[in-house]
Amino acid sequence: MRAARLIKMVLLLQARPSMTAGELARELEVSERTVARDVLSLSEAGVPVYADRGRAGGYRLIGGYRTRLTGLGRSEAEALFLSGVPTALREMGLADAASAARLKVSAALRPELRDAASGAAQRFHLDAPGWYQEPEPPELLPAIADAVWDDRRITARYLRKDTEVERELEPYGLVLKAGVWYLAARVEGDYRVYRVDRFTAVTACEGAGAAAAAGPAEASDGRFSRDESFDLPAFWAERAAQFARSILREEVVLRLSARGVRQLPYVTERAAAREAIARAQAAGGPDEQGRLTVTLAVESAEVAYAQLLSLGPEGEILAPGELRARMAAAARRTAALYA
């Protein structure tokens, strides 16, 4: 953590003519005494940090000092920001660029710090797909990723249920959710989300050249002007919440034991379960038998049957009647197996 803080201090001082101890302390979230110790450490390491005394004083770098990386290219720099997601890099065709970027960063470090990359990799790893899944990367993902990086329009064909549809898209960003890739794109001024594995063909628009190979000069006519106010994380969070709400079209009423209350968020849609429990507790709480009656939003009776069956005797379906009868029949068959 201290090494990262020292690097951030140097970068802050590179970006500004001078900073006071208080300003550095706020940016680095440390005390002014820690700032003074860090400045001393940088000076001992050969970084020319100079302290101006007096009320208007502060710290600054002298002699035009700047940290340097050895020839880091654009694609390598972009890949470096994704280096904590090796699966995503590999699927987008950026594994080689990330490897080259890591080597160049390592070459720019002092010898005693060059094991930092391998040390971090041995301590932190992100495995994006869910358990028991062996997702196959979509074949067209690298071409779409290239278009996203270059703000390049694409003409895409994709499957909508059983129909193949063609659209011209402005690809804004890619999202990897539980092992599945999604594309956020603008279409006729509206932002939409597409599953990448449903694309059947992707080509650059006229003037852009081949989607995976065109360079900046060839792609200039096919590029779009990105809306700089577009916030991919915020957009995805909003759409994900909308999707989660949109698929919960039916309701189930059930009585839960105290254990069932604890289990419900783990067997069904978590936000819906917590909202149902909170409403029931606010409306009066458990009955005289210690059971809580909740009204739960579910995708369908079929999905609810598969999910709520795992509660066993900790949950009793009250409505709809058809689902209650189905649960009762399943309970009788289960009891017969263990009779």
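**Exercise 1. Which helix lies across strand 8 and strand 9, and at about what angle does it run to strand 8?**

Before solving, some ground rules. This is a predicted model, where local features need pLDDT of at least 70, side-chain atom pairs count only at pLDDT 80 or more, and totals for chains, interfaces and linings use all residues. Residues are numbered from 1 along each chain as its sequence is written, and side-chain values use heavy atoms, with hydrogens and water left out.

Step 1: get the elements. Helices (H or I, at least four residues) and strands (E, at least two) are DSSP runs numbered from the N terminus.

Step 2: lay out the sheet. It's an open one with 3 strands in the order 9-8-10, paired antiparallel; pairing takes at least two DSSP bridges between two strands. Strand 9 (292-298) and strand 10 (315-319) sit at the edges with a single partner strand each, so one side of each has no neighbour in the sheet. From one strand to the next, the twist averages 35 degrees.

Step 3: check the pairing of strand 8 (residues 250-256) with strand 9: 7 bridges join them, and glutamate 250 stands opposite valine 298.

Step 4: add the helices. Helix 11 (residues 258-267) is the one lying across strand 8 and strand 9, at about 145 degrees to strand 8. Angles run from 0 to 180 degrees between N-to-C directions, with axes fitted to C-alpha atoms, for helices over the stretch in contact. Helix 14 (residues 321-337) also packs on the sheet, touching strand 8 and strand 10; contact means heavy atoms within 4.5 Å.

**Exercise 2. How do helix 1 and helix 3 pack?**

Step 1: take the geometry. Helix 1 (residues 2-15) and helix 3 (residues 32-44) make an angle of about 80 degrees, axes 11 Å apart.

Step 2: classify. The two helices are therefore roughly perpendicular, a label for 65 to 115 degrees.

Step 3: look at who meets whom. Helix 1 brings residues including Leu6, Met9 and Val10, and helix 3 brings, among them, Val35, Val39 and Leu42.

**Exercise 3. Which element supplies the largest share of the largest nonpolar core?**

Step 1: size the core. It has 24 residues, and Ile144, Leu169, Leu174, Leu183, Val196 and Phe199 have the most contacts inside it. Such a core is a set of buried Ala, Val, Leu, Ile, Met, Phe, Trp, Tyr and Cys residues joined through side-chain atoms within 4.5 Å, buried being under 20% relative accessible area with a 1.4 Å probe, protein chains only.

Step 2: find the supplier. Helix 8 gives 5 residues, the largest share.

Methods: Buried < 20%, exposed > 50% of the residue type's maximum accessible area, 1.4 Å probe, protein only. Parallel < 35°, antiparallel > 145°, perpendicular 65-115°, else oblique.
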